[in-house]
Amino acid sequence: MMLMDICYLIDCKRGFNLGTVDCPQWDYFISAFNDSDRVKSVFSSVSASVKHWLILPEYKYSDTNFPGHEALPFLQDGNEADVIIHAFENLLTRMAPGSTLCIDVTGMMRPHILFLLYFLKNKGIQSFDMIYTEPLHYSRKEDTTFASEDVFEVRQVAGFEGTHPSRVGDDVLIIGLGYDHHLISHVIESKPGARIIQMHSLPSLSADMYQESLLRLERVSSSFASLTEGHQVYCSANDPFLVSAVLAESVSRLEKGGKVTNLYLSPLATKPQVVGFGLYYLKNKSNIPTSMIFPFSSRYERETSKGVGRSWVYPIRF
C-alpha cells in the first residue's frame, strides 16, 4: 500500500476565532443550512466575496423556511451524488481560476461530505478548505439523536464503491464510533461475520462527549459479540489528517497479516473524522478490495447541539 506523504499531516489543522483578524477569508463560502447556532453564526461572521447555503433534502425544509441568503440549486430528494452534483456543477463553472473555496461541513450529512471530496477531486479542484465548528455540548447528552431511526438501506457511498469478490469470509469492518448507536447496529448487521475494528475518538471533542459515546455504545455491545471482541484504535475527533494516517497504518497491518477478503469502512462519528476517512480512501491504494459503506436515513435532526465551540480550518490538497 502507498501511504500518504506524512508531511501533509504536519501543522495542517488550525483553529480560528470568528470576527477576529485571524479569521480566514475566501472568495466562495458554502455551508449546509440547518437550525444550529454554530452553523448560522459562522455563516454570518465569515468573510467571503460570495456565500451560498446548501439545502439538503434530509432536513425536510419547505419552500417557506429557506434562509434569506442565496441558496445553491437544490433537490427535494436524491442521493448524495445527485444532490452535490446538482448544487455544485454550475458554481464550479462560474468560479474564476485561482478562486479560493471554503466549505463548512458542520451541517452536512456524512455521505454528502464524502461524495463532495470525490466530486471536487475529480473536477480538478486540487486546493480548497473545509471548516468545522464544535458544539459546547449536545442537546440531550448521551440521548442525542442525529439521524432518524428509519434506516432504509446500508450501501456503498457514491464515489467510494469497491469491487468485491463474491465470496465472503475474513472480512474486516472498520467503524468510526459515534453517538448514533442504531446506525452502528445496522452497519454491523449488514456485514455478518466480519471482524470489527473500532475507531474511538480519543481525544474527543470534550471529555463528557467521550463518556456519552461509550454509554451509547453499550446499547449495541450486548447484541453483537463481534463488537465487544473487536480490536480498538484511537484517534482525534477533530483532526482528519491524523484519522487518515491512523487508517493507513491500520490497513497496512491488515495487509501484512494477510487473509482479509474484503475491507469495509464506515465513519459514524464526527464530521472531521468523516473527512479523514474520505482523504484516506482517495489518497491511498490498498491491495484489499475496499469500499465505504453507510446506513442511510431519510431524515436528520435540524438542531442537535447547544452553544458554539472551537472552529477549525482543514486545508484539503489533492
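1. At what angle do helix 2 and helix 3 pack, and how far apart are their axes? This is a predicted model. In it, helix 2 (residues 80–94) packs against helix 3 at about 45°, and the axes lie 9 Å apart. That angle makes helix 2 oblique to helix 3. The crossing of this pair is right-handed.

2. Next, the residues behind that contact. Helix 2 contributes Glu80, Ala81, Val83, Ile84, Ile85, Phe88, Glu89 and Leu92. Helix 3 answers with Pro111, His112, Phe115, Leu116, Phe119 and Leu120. Sorted by class, the contact of helix 2 with helix 3 holds 11 nonpolar, 1 polar and 2 charged residues.

3. Helix 3 also has a contact with helix 8. Helix 3 spans residues 110–122 and helix 8 spans residues 271–283. Their packing angle is about 40°, with 9 Å between the axes. Helix 3 is therefore oblique to helix 8. Helix 3 passes helix 8 in a right-handed crossing.

4. Which residues of helix 3 meet helix 8? They are Arg110, Ile113, Leu114, Leu117, Tyr118 and Lys121. On the helix 8 side stand Lys271, Val274, Val275, Gly278, Leu279 and Leu282. The class count for helix 3 with helix 8 is 8 nonpolar, 1 polar and 3 charged residues.

5. Now the sheet. It is open, has 6 strands and shows mixed pairing. The strand order is 1-14-5-4-2-3. Strand 1 (14–16) and strand 3 (47–54) are the edges. Each has a single partner strand, so one side of each is left without a neighbour in the sheet. On average, neighbouring strands are turned by 30° against each other, with direction ignored.

6. Helix 8 ties the two topics together. Besides meeting helix 3, helix 8 packs on the sheet. There helix 8 touches strand 5 (127–133) and strand 14 (311–317). The direction of helix 8 makes about 10° with that of strand 14.

7. How many bridges join strand 2 to strand 3? The number is 7, and the two strands run parallel. Strand 2 covers residues 25–32. Its residue Ala32 stands opposite Leu54 in strand 3.

8. To recap, helix 3 packs with helix 2 at about 45° and with helix 8 at about 40°. Helix 8 in turn packs on the sheet through strand 5 and strand 14.

Technical notes. Residues numbered from 1 in each chain as written. Predicted model: local features only at pLDDT ≥ 70, side-chain atom pairs only at ≥ 80, totals over all residues. Heavy atoms only, no water. Axes fitted to C-alpha atoms, helices over the stretch in contact; angles between N-to-C directions. Helix = DSSP H or I, 4+ residues; strand = E, 2+ residues; numbered from the N terminus. Parallel < 35°, antiparallel > 145°, perpendicular 65-115°, else oblique. Left-handed = near helix turned anticlockwise from the far one by under 90°. Contact = heavy atoms within 4.5 Å. Nonpolar A, V, L, I, M, F, W, Y, C, P; charged D, E, K, R; others polar. Pairing = 2+ DSSP bridges.
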